[in-house]
Amino acid sequence: MAADSDTESEVFEITDFTTASDWERFVSRVEEVLNEWKLIGNSEKTRLSEKSEFTSGTWEENFKEINFADFKFEITYHFLKQEHVKSNKKEEPEEDAVPLAVQNLLSENNDFPPRAHCLVRWYGVQEFVVISPGSNCEAIISESKCNLLLSSISIALSNSGCQVPVFVQIQHKWRRMYAGECLGPGLRTDFEMVHLRKVPSQYNHLSGLLDVFKSKISCTISPVPPVSIAIRFTYILQDWQQYSWPQQPPGKLHSTIKWLLLVGTIIDKY
């Protein structure tokens with residue numbers, strides 16, 4: 001009996017090192033959402049968009065709320081809805097295939113869509129995820145918080161194998177400033193932005209912007225391959241009917257301009 005009482009009186013302390021921190025729970029939750037939306041690996045259901053499909057197609061969204069401790073975030077999946085073409089041939093996805101987002105960056109099919117999310121207009125991506133502070137939550141302004149969020153996204157992408165680019169909205173929303181990342185087999189693409197109060201004089205013309213582009217690429221091929229450039233001009237017409245025109249605009253153009261004046265802007269705010 002004495003031996004039994006001695007055994008019962010012994011207390012073993014067990015330290016559970018598997019208890020997840022707030023940061024680990026946040027990363028895990030991001031992975032769960034990516035899995036729920038089936039954004040794992042190089043998606044077979046999505047094909048490279050065709051000419052003008054960004055304009056004629058339908059954009060859809062999936063939305064969820066996630067928490068980092070007591071701070072709420074909104075995670076939204078934006079994607080171009082596509083008609084799937086059925087094929088009798090079964091094509092196995094290539095393990096080293098370039099992510100669709102990188103193919104979008106290199107494609108000229110959908111430059112300057114007139115109506116789309118700002119990230120679509122800037123990068124030409126046809127599917128992407130945005131993580132932004134929830135309503136009534138303060139903006140992510142400090143550099144340390146931005147880096148923590150980006151490192152969390154990087155780990156979630158690496159663990160899940162997701163090849164869809166993920167962006168984090170930083171600074172105040174009205175600035176439309178994002179930082180993002182896209183991972184693929186053997187490559188990583190970082191999306192970065194810089195806001196300048198005043199544009200340097202050397203970048204106020206096309207040749208200056210071309211110099212920036214070439215310096216960022218750091219091409220080792222000599223001579224440097226030619227660069228193709230596309231540009232979009234935006235004109236604002238204010239009460240154009242009160243002024244005399246040298247000649248009457250064509251009927252189709254006339255009705256289009258009138259419709260724009262009645263309806264208003266065709267650019268969404270994000």
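How far does helix α7 (residues 206–217) reach from its first C-alpha to its last? Select those residues and take a look: the helix has 12 residues and reaches 17 Å, close to the 16 Å expected at 1.5 Å a residue. Step on to S218, just after α7, and you will find a positive phi of about 55 degrees. Keep in mind throughout that this is a predicted model.

**Zoom out**

Now show the whole chain as a cartoon. You should find eight helices and six strands, and, read along the sequence, they follow the pattern α-α-α-β-β-α-α-β-α-β-β-β-α-α. Colour by burial next: of the 270 residues in the protein, 31% are buried. Switch on the surface, and about 19,400 Å² is exposed, with carbon and sulfur atoms supplying 53% of it. If you draw contacts between residues at least 6 apart in sequence, 66% of them join residues at least 24 apart.

**The β1–β2–β3 strands**

Select strand β1 (residues 58–68) together with β2 (residues 71–81). The two pair in the antiparallel sense over 11 bridges. One place to centre the view is I66, whose bridge partner in β2 is F73. Then follow the chain round the turn: β1 and β2 form a hairpin with two residues between them, and A69 in that turn has a positive phi of about 60 degrees.

Add strand β3 (residues 127–133), which pairs with β2 in the antiparallel sense over seven bridges. Here, pick Y77 and look across to V129, its bridge partner in β3. With these strands on screen, colour β2 by burial: eight of its 11 residues are buried, so β2 is largely enclosed by the rest of the structure. While you inspect side chains, remember that in a regular strand they alternate between the two faces of the sheet.

**Into the core**

Next, select the largest nonpolar core, which has 45 residues. Those with the most contacts inside this core are L39, F73, L119, V129 and F167. Many elements contribute: α2 (22–36), β1, β2, α5, β3, α6 (143–160), β4 and β5 (177–184) each supply at least two residues.

Centre on L39 and display its neighbours. Leaving aside residues up to four places away in sequence, L39 touches L34, Y77, E127, V129, C162, Q163 and V164. Y77 and V129 are the bridge partners you met between β2 and β3.

**Aromatic rings**

Hide everything but the aromatic side chains. How many aromatic pairs does a search of the whole structure find? The total is 10. Go to Y123 and F167: their ring centres are 5.8 Å apart and their planes lie at 20 degrees, so the pair is stacked. Y123 lies in helix α5 (residues 118–123) and F167 in strand β4 (residues 166–170), so this pair ties together parts that are 44 residues apart in sequence. Are these two residues buried or exposed? Both Y123 and F167 are buried.

Then select F26, F68, F71 and F73, which form one aromatic cluster. F73 is also the bridge partner of I66.

**Last stop: the β5–β6 hairpin**

Finish with β5 and strand β6 (residues 187–191), which pair in the antiparallel sense over five bridges. L183 stands opposite R188 in β6. Two residues lie between the strands of this hairpin, and G186 takes a positive phi near 75 degrees.

Notes:
Residues are numbered from 1 along each chain as its sequence is written. This is a predicted model: local features need pLDDT of at least 70, side-chain atom pairs count only at pLDDT 80 or more; totals for chains, interfaces and linings use all residues. Side-chain values use heavy atoms; hydrogens and water are left out. Rings of Phe, Tyr and Trp (its six-membered ring) pair if their centres lie within 6.5 Å; planes under 30 degrees apart count as stacked, over 60 as edge-to-face and the rest as tilted. Helices (H or I, at least four residues) and strands (E, at least two) are DSSP runs, numbered from the N terminus. Buried means under 20% relative accessible area, exposed over 50%, partly exposed in between (1.4 Å probe, protein chains only). Two strands pair if DSSP finds at least two bridges between them. The expected span of a helix is 1.5 Å times one less than its number of residues. Contact means heavy atoms within 4.5 Å. Accessible areas come from the Shrake-Rupley method with a 1.4 Å probe; for residues, only the protein chains shown count as cover. A nonpolar core is a set of buried Ala, Val, Leu, Ile, Met, Phe, Trp, Tyr and Cys residues joined through side-chain atoms within 4.5 Å.
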